Amino acid sequence: MDEKSLEILEFPQIKAILAGYTSFSASRELALGLKPLADYERIALLLRQSAEARQLLTMEAGFSIGGVSDIREAVRMASLEGILEPKSLVEIQQTLAAMRQTRSYLRNISEELAMLWDIAKEIVELRPVEKEIARCISPNGDVLDRASPNLAAIRKQLREGREHLWSRLEAIIRSPRGCKIIQEPIITEREGRYVIPVKVELRREIRGITHDVSNTGATVFVEPWSTMELGNTVRELVNEEKREVERILRQLSAQVGKYEAELSISIEKIAELDLALAKARYARTVRACEPVLNDINGSKNEGMETAVVKLVEARHPLLGEKAVPLSVEIGRDFSVLVITGPNTGGKTVALKTIGLLSLMAQAGIPVPASPETCLPVFDGIFADIGDEQSIEQTLSSFSWHVGNIVRIIRNATPCSLVLLDELGTSTDPSEGSALARSILLYFRDKKTPTAATTHYGDLKAFAHTTSGVQNASFDFDPVTFAPTYHLTVGIPGGSNALATANRLGVPPEIIDEARGMLSRGALEMESLLGDLMGEKQKLEEVRAALENERNEVEKQDIEVKDRLGRLKEAEKQAMQEARDGVVREAAEMHRQIRQASSELRREMTKERLEQARKTLAGVHGQLSSETWTPETGEPESGQGLSAGDIVYLRDIGLQATVLSVYEDTQEVEVQAGQLKLKLGLESVEKITEPKPARTRGATVRMATKVISTELDLRGKRADEVEVALDIYLNDAALANLSEVRIIHGVGTGTVRQIVRDFLAAHPLVKSFRTGKHDEGGDGATVVSL
């Protein structure tokens, strides 16, 4: 990437901000060392890692890598047989623990965050080293007594020796002679020896060695002869302690040094993880996301002519809350965009936003824009923005700009992005305009995505009439002439220099004088652009009003559909309640009919029995009528049934012959043996071959009809039980069966009671009993015919 352009577009500031979100020095160095890449696969990987880090912070907002430090230098020293300080070893132990915990956490969610786990799995866990350091050294950096038995023994002797020495010195201080010669009753230490403060004039009153003199010279610090041997013992123990501590530290350092390569890799990986988390924290702060990447190098081979830059609601990341969202697209219908508009209207910020967001994306950093934003992977991003004239180098503004443009022309390719601010300025306007048009044609012919700002009217006309080049302008308020910072593609904009100068405080008389000097054409052009902006504002207001009306209509439509749904549900509930009422009435009628049927069978009056059955059929017809049936669409066809067809009765498991078909009521009248039935079309199935009745258990064949020794009534409605049972008993009797089994199940006992009431009154039944254990128990009734 062009280093000069990185500076112009302020990419180093973004890196510095990102570094502020890191947790330790190694990841901070990675953030500050970020560079935009041109490798599509690598950029895509970095952005996926960033996206997963954002997902991780969504799952656990406070997640971090913990107390990790960059221990690589200390580990390198240990590998060279250096002895590490206790605090360095504690830092290593805490880093090992934090890396292990981070790795363990990401392993548990590796299926959800595969990219982050790919980094974390390279971290090496060194639990033995971590535990040994924690056993030997306290978090404060003190070598503990438990580090070795020898150290514990030495320190015990040292404590006892010091206590003994201390007692002897206190006895001297408390003695009558001591009270006379000491300056103050304290015991202190000089050069590792325990001493007492003695008045200088009484120094000869006590035998001992003088180790120090006070600043005033009034006090000498004396070690008495009587404690000399004890002091020597303490001093020897102190040296032994130092040697043992040094041995322990050397041993721990050697353990750490063995894993220099593994720990260096682990620190690099944990730094990568922390950088991804820093990007996620930054994205959360500035409301950023990962853009859609476009591999123009790969796409170019497939016939794609130019890269497409599409920014949606993009905000300059250094402006914070003051940033006005920018939406723009370059490369689909045109490769060169000429941006015009009022001074201080946002043109330069727009160029920097396009360039800076492209650099951020190619460095793997989320961009503050909508997720629909699409950015190509450029092989170079070049910018000529600002002014760096130098008197010392005899470099004028024009020379500086031309130097930048020459550098850009030499290095830019069709896969580059070019940003030119105030193209052709700082020289004669006519020559500058001609040069600007020629430069834009050069980049258009190379199909290099280019955005340029200008105030030249010639360039506005050029962009309007030249294919591959498009105008865009920043809007302004047609009344106050203040900039709105909103970009409109397809319309050139006025500079409004006089209005801007007036707004910034130039005296009105100067403004009026300048306006009088303008040519009539220039005034008319400015007026026309102002009128266009006014019309555009009105159109925007109309569009907003229409959008509001559409939203209101959609809202009302949703409310109407919701109300309609509630009404249908209420209707369905009312129908169900009414149907339940009729069912209850029908149940009562069924009970009465069953009782009457039993009496009629005893009298064996066929006409009266048929009359009762017709009454029940009327109730069934009432329940099946359209009045009590919710609307569920058109009924299915009658399967092409006609009189004489053989059908299979699904509910009963018998074959029957069609007598009549009633299309209007979707019913069919059939005859099964001596019984005539009227059923719904959905209850019968047309057959071409005779179909056996549903059977279970042993069967007896009579003529061409097979009758089972058992009848299964489970699942049938109460009104179907008697009909099926009556038909079955007649067929069983004709087949000369002496005993049959009726399966009714246990359930609530309703079907069982109906069966037994019916059997008690049936003339073909000799007797019946509850089934034995192997016959179905209470769920079956065995009938003797």
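Is Y442 buried, partly exposed or exposed? The exercises below work through this and related points.

The model is a predicted one, in which local features need pLDDT of at least 70 and side-chain atom pairs count only at pLDDT 80 or more, while totals for chains, interfaces and linings use all residues. Residues are numbered from 1 along each chain as its sequence is written, and side-chain values use heavy atoms, with hydrogens and water left out.

**Exercise 1. Classify Y442 and F443, and describe how their rings meet.**

Step one is the scale: buried means under 20% relative accessible area, exposed over 50%, and partly exposed in between (1.4 Å probe, protein chains only). Y442 has 33% relative accessibility and therefore counts as partly exposed, whereas F443, with a relative accessible area of 1%, is buried.

Step two is the ring geometry. A pair of aromatic rings is described by the distance of the centres and the angle of the planes. Rings of Phe, Tyr and Trp (its six-membered ring) pair if their centres lie within 6.5 Å, and planes under 30 degrees apart count as stacked, over 60 as edge-to-face and the rest as tilted. By this rule the count comes to four aromatic pairs. One of them, W166 with Y194, is edge-to-face, at 6.0 Å centre to centre and 80° between the planes. It joins helix α9, which holds W166, to strand β2, which holds Y194, across 28 residues of sequence. Y442 and F443 also form an edge-to-face pair, with 5.4 Å between the centres and 70° between the planes.

**Exercise 2. Work out the order of the sheet that contains β2, and place the helices that pack on it.**

Helices (H or I, at least four residues) and strands (E, at least two) are DSSP runs, numbered from the N terminus, and two strands pair if DSSP finds at least two bridges between them. The four strands run in the order β1-β2-β4-β3, forming an open sheet with antiparallel pairing. Its edge strands, each pairing on one side only, are β1 (188-190) and β3 (208-213). Between β1 and β2 (residues 193-199) there are three bridges, and R190 has R193 as its bridge partner in β2.

For the helices, axes are lines fitted to C-alpha atoms, for helices over the stretch in contact, and angles run from 0 to 180 degrees between N-to-C directions. Helix α9 (residues 149-174) lies across β2 and β4 (219-224), at about 10° to β2. Helix α11 (residues 228-257) touches β2, β3 and β4, and its direction makes about 140° with that of β2.

**Exercise 3. Identify the largest nonpolar core and the surroundings of I365.**

A nonpolar core is a set of buried Ala, Val, Leu, Ile, Met, Phe, Trp, Tyr and Cys residues joined through side-chain atoms within 4.5 Å. The largest one has 51 residues, and I354 and I365 have the most contacts inside it. Helix α14 (residues 347-362) gives the largest share of this core, eight residues.

With contact meaning heavy atoms within 4.5 Å, and leaving aside neighbours within four places in sequence, I365 touches F11, I14, L18, L34, L47, K279, Y282 and M360. Another core, of 48 residues, lies apart from the largest one and includes L116, I137, I248 and L252.
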